[in-house]
Amino acid sequence: MGDKSCEVILISGFLGSGKTTFLRRLLSWPGQLAGTVVLVNEFGQIGIDGEMLEGYDTPVLELANGCICCTLQGDLMRSLDGIVSQLQPKRLLVEATGVADTRDILKTFRLPKYRQVFCPIKVVAIVDADYWEARECFGPLFYNQIKEADLVLLNKIDLLGPDKVGLYLDEINKVVPNAAVVPTYHCNVDPGMVWGLAGSLERAPVLPFVADLEIRDVFPALEHARHEHEHGHAHKQVGFVHFSFEAARPFLEECLQQWFQTIPPELYRIKGHVLFPHRRMFVNHVGGKTEWATALGPGTTKLAFVGWQVDPELVVSQLEACLEEPAARP
């Protein structure tokens, strides 16, 4: 890249916080994306987020089946080397997996070989407002994802009452006093808040909450065993599992909808595309809440799962039982 450096915006946040939604907003803002490259890290075996980011002019590269803060660190370095030599970007947007430790990713970018190449490095952490109250259940990983942030988005504030929004903003600001803390709905934030980040110690203070939204009851946050160990790679130590499911045959819709009603809280992240007999849908399930949307274009079923001490074989067998029977041969 010669004398030119590449700005890095690292997007962190726990599972289902809204990282991909935020990234799509970044890619939709006009006039800011010349020379931009996107690097997406999937914890599962199949790339769901990469498919969701199709249709933009910005190149999207994927690192799947691992976490760039540990098992894929070598792949991350090789990807960075290739991005620099082949694409020579002005800006790199990195979406980390939901169980990545931001500190360890930053260690890679701060290696001597990259210090002059990738700078400044700006960190945007997205916090699911519905999870903040139960943050102690998730152990140090949850905190590590926001402590390095220049900008924290308290997302999904429509799930909170106005009094809790103000309380949570204050609590987050005490954890990261040097970061800007902004309440958001569907990660809708002024692009100037991102492009204008200093990426240094000169950071903005907490912003006041101003919104007029329909407030809904707060869904009880996921409960699971608290991780007491102070190591960052929580997904290795407390039983995080990830797996995928793919099928060309469509699902019986009633059967699958009933299955979603029985999902245990330990299986708290399901994301991907679902093929029914006459339509294809996108499903996003986080912590007991399931959202469906019409998928664009044809395709098969591709689902990625993340859970805690879940039996993947049992889940797969239950899903297979909801598939249409193969067509009989004439």
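## Cysteines, paired and unpaired

A disulfide is a pair of cysteine sulfur atoms within 2.5 Å. Keep that cut-off in mind as you look at this structure, which is a predicted model. Take Cys6 to begin with: the closest cysteine sulfur belongs to Cys119 and sits 9.0 Å from the sulfur of Cys6, so that's too far for a bond. Cys6 is also buried, because its relative accessibility is 0%. Cys187 has a relative accessible area of 0% too, so it counts as buried.

So how many disulfides does a search of the whole structure find? The search turns up 1. Its partners are Cys255 and Cys322, and their sulfur atoms are 2.1 Å apart. Turn the model to look along the S-S bond and you'll find an angle of -65 degrees, a left-handed link. Cys255 is part of helix H10 (residues 253–260), while Cys322 is in the segment after helix H11 (312–320), so the disulfide ties together parts that are 67 residues apart in sequence. What about the surroundings of the two partners? Cys255 is partly exposed, at 25% relative accessibility, whereas Cys322 is buried, with a relative accessible area of 3%.

## A sheet of parallel strands

Now for the sheet. In what order do its 7 strands line up? Going across, you read E3-E2-E4-E1-E5-E6-E7. The sheet is open and its pairing is parallel. At the edges are strand E3 (60–63) and strand E7 (180–183), each of which pairs on one side only. From one strand to the next, the twist averages 20 degrees.

Let's zoom in on one pair of neighbours. Strand E1 (residues 6–13) runs parallel to strand E5 (residues 118–128), and 7 bridges join the two. If you want a spot to find on screen, look for Ser12, which stands opposite Ala125 in E5. There's a helix to spot here as well: helix H7 (residues 162–175) packs on the sheet, where it touches E5, strand E6 (151–155) and E7. The direction of H7 makes about 160 degrees with that of E7.

## Rings that meet

Next up are the aromatic side chains. A pair of aromatic rings is described by two things, the distance of the centres and the angle of the planes. A search of the whole structure finds 12 aromatic pairs. One of them joins Phe260 and Trp292: the ring centres are 5.3 Å apart and the planes are at 70 degrees, so this pair is edge-to-face. Phe260 lies in helix H10 and Trp292 in strand E11 (residues 289–294), so the contact ties together parts that are 32 residues apart in sequence. Phe260 is buried, at 8% relative accessibility, but Trp292 is partly exposed, with a relative accessible area of 27%.

Trp292 also pairs with Phe276. Here the centres are 6.0 Å apart and the planes are at 40 degrees, so the pair is tilted. Phe276 belongs to strand E9 (residues 269–276) and Trp292 to strand E11, so the parts tied together are 16 residues apart in sequence. Phe276 is buried, at 1% relative accessibility. Elsewhere, ring pairs link Phe14, Tyr131, Trp132, Phe142 and Tyr143 into a cluster.

## Inside the nonpolar cores

Which residues of the largest nonpolar core touch the most other members? They're Leu92, Phe109, Phe118, Val127, Val152, Leu154 and Ile172, out of 49 residues in that core. Strand E5 gives the most to this core, with 5 residues.

Ile172 is a good place to start exploring. Leaving aside its neighbours within four places in sequence, Ile172 is in contact with Val127, Trp132, Val152, Leu154 and Val181. There's also a second, separate core of 22 residues, and among its members are Leu23, Leu26, Leu151 and Val189.

## A glycine in helix H3

One last stop: Gly74, in helix H3 (residues 73–87). Is Gly74 buried or partly exposed? With 32% relative accessibility, Gly74 counts as partly exposed. Try finding Thr108 as well: Gly74 and Thr108 are 34 residues apart in sequence, and their C-alpha atoms are 9.5 Å apart in space.

Key:
Residues numbered from 1 in each chain as written. Predicted model: local features only at pLDDT ≥ 70, side-chain atom pairs only at ≥ 80, totals over all residues. Heavy atoms only, no water. Helix = DSSP H or I, 4+ residues; strand = E, 2+ residues; numbered from the N terminus. Buried < 20%, exposed > 50% of the residue type's maximum accessible area, 1.4 Å probe, protein only. Pairing = 2+ DSSP bridges. Axes fitted to C-alpha atoms, helices over the stretch in contact; angles between N-to-C directions. Contact = heavy atoms within 4.5 Å. Phe/Tyr/Trp six-rings, centres within 6.5 Å; stacked < 30°, edge-to-face > 60°. Core = buried A, V, L, I, M, F, W, Y, C linked by side-chain atoms within 4.5 Å.
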